[in-house]
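Thanks for sharing this one. Below are some friendly notes for you to read alongside the coordinates, arranged as numbered points.

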Amino acid sequence: MKKTFSILSIFILLIFSNLSINSCGSREDTVSCFPNVPINVTINLNTMPKYNALNYDNGWAYVNEQQSGTRGLIIVRTGNVFKIYDRNAPHLCPDNDTTLEVKDNIAIICPKDNTKWILRTGQPEAGSKTSLPPKTYPYNYDEVSKTLNIYF
């Protein structure tokens, strides 16, 4: 009985140790130094002219509203859905030149190392220096009022 209890105790200890060690490592979707801040932005596509491009397929816009992260967001419309990307590079710790930018209306680029992602999908381009896509956020979209709510 004591031997079984000892083995079970060691097993449980190993499981909790493994969970603790892994929880302090890097995140799977970004580097460990990626800023984790609340996102809560509401955009009305009818009344905010600077976001008019989001009414059309392939339209995109930078968002720098209050509570849009530390560097803002990139929103792109792909058909009837949106992709909401954080402008912090997912593969590098934040620095002066790690704010993602849209290039030629088809790619997202990191100015520091020229890593590129496909704007519509967020997939790294061939030969990319990372397999991490830009961090994305969930949203709700009301088609009737054309109100986009982004949150995290």
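1. Let me begin with a single residue pair: K103 has A107 as its bridge partner in β6. That bridge belongs to the pairing of β5 with strand β6 (residues 107-109), which is antiparallel and comprises three bridges. Please keep in mind throughout that this is a predicted model.

2. The β5/β6 pairing is part of an open sheet of three strands, ordered β5-β6-β7 and paired in the antiparallel sense. β5 and β7 (116-118) are its edges; each has a single partner strand, so one side of each lacks a neighbour in the sheet. On average, neighbouring strands here are turned by 35 degrees against each other, direction ignored.

3. Another open sheet of three strands is worth viewing alongside it. Its order is β1-β9-β8, with antiparallel pairing. The edge strands are β1 and β8 (139-142), each pairing on one side only. From one strand to the next, the twist averages 10 degrees. Within this sheet, β1 and strand β9 (residues 147-151) run antiparallel and are joined by five bridges; T42, for example, has N149 of β9 as its bridge partner.

4. Which residues of β3 are buried, and on which sides? In strand β3 (residues 73-78), six of its six residues are buried. L73, I75 and R77 lie on one side, with I74, V76 and T78 on the other, and both faces are covered. As a reminder, side chains in a regular strand alternate between the two faces of the sheet. I would point out R77 and T78 to any reader, as both are in the buried set.

5. β3 also has partners to describe. Strand β2 (residues 60-63) is joined to β3 by four bridges, and the two run antiparallel; here Y62 has I74 as its bridge partner. β3 also pairs with β4 in the antiparallel sense, over six bridges, and V76 stands opposite K83 in β4. β3 and β4 form a hairpin with two residues between them, and G79 in the turn has a positive phi of about 75 degrees.

6. Now the aromatic residues. The structure holds four aromatic pairs. One of them, F82 with Y139, is edge-to-face, at 5.7 Å centre to centre and with 85 degrees between the planes. Because F82 lies in strand β4 and Y139 in strand β8, this pair ties together parts that are 57 residues apart in sequence. Are the two partners buried or exposed? F82 has a relative accessibility of 4%, so it counts as buried, while Y139 is partly exposed at 23%. Ring pairs also link F82, Y139 and Y141 into a cluster.

7. Y62 deserves a second look, this time for its ring. The charged end of R87 sits over the ring of Y62, 4.0 Å from its centre. So Y62 can be described both as the bridge partner of I74 in β3 and as the residue whose ring lies under the charged end of R87.

8. One polar side chain is also worth a mention. N88 is located in the loop between β4 and β5. With a relative accessibility of 2%, N88 counts as buried. The side chains of N88 and R71 are joined by a polar contact of 3.0 Å.

9. Finally, the cysteines. How many disulfides are there? The count comes to one: C33 and C93 form it, with their sulfur atoms 1.8 Å apart. The pair links distant parts of the chain, 60 residues apart, with C33 in the loop between α1 (2-23) and β1 (40-44) and C93 in the loop between β4 (81-86) and β5 (101-103). The torsion about the S-S bond is about -105 degrees, so the disulfide of C33 and C93 is left-handed.

10. The accessibilities of the cysteines round this off. C33 is partly exposed at 29% relative accessibility, and C93 is partly exposed as well, with a relative accessible area of 44%. C110, in contrast, counts as buried at 0%.

Terms used: Residues numbered from 1 in each chain as written. Predicted model: local features only at pLDDT ≥ 70, side-chain atom pairs only at ≥ 80, totals over all residues. Heavy atoms only, no water. Disulfide = S-S within 2.5 Å. Buried < 20%, exposed > 50% of the residue type's maximum accessible area, 1.4 Å probe, protein only. Pairing = 2+ DSSP bridges. Axes fitted to C-alpha atoms, helices over the stretch in contact; angles between N-to-C directions. Phe/Tyr/Trp six-rings, centres within 6.5 Å; stacked < 30°, edge-to-face > 60°. Lys NZ or Arg CZ within 6 Å of the ring centre and 35° of its normal. Polar contact = N/O pair within 3.5 Å; in protein donor to acceptor, adjacent residues only side chain to side chain.
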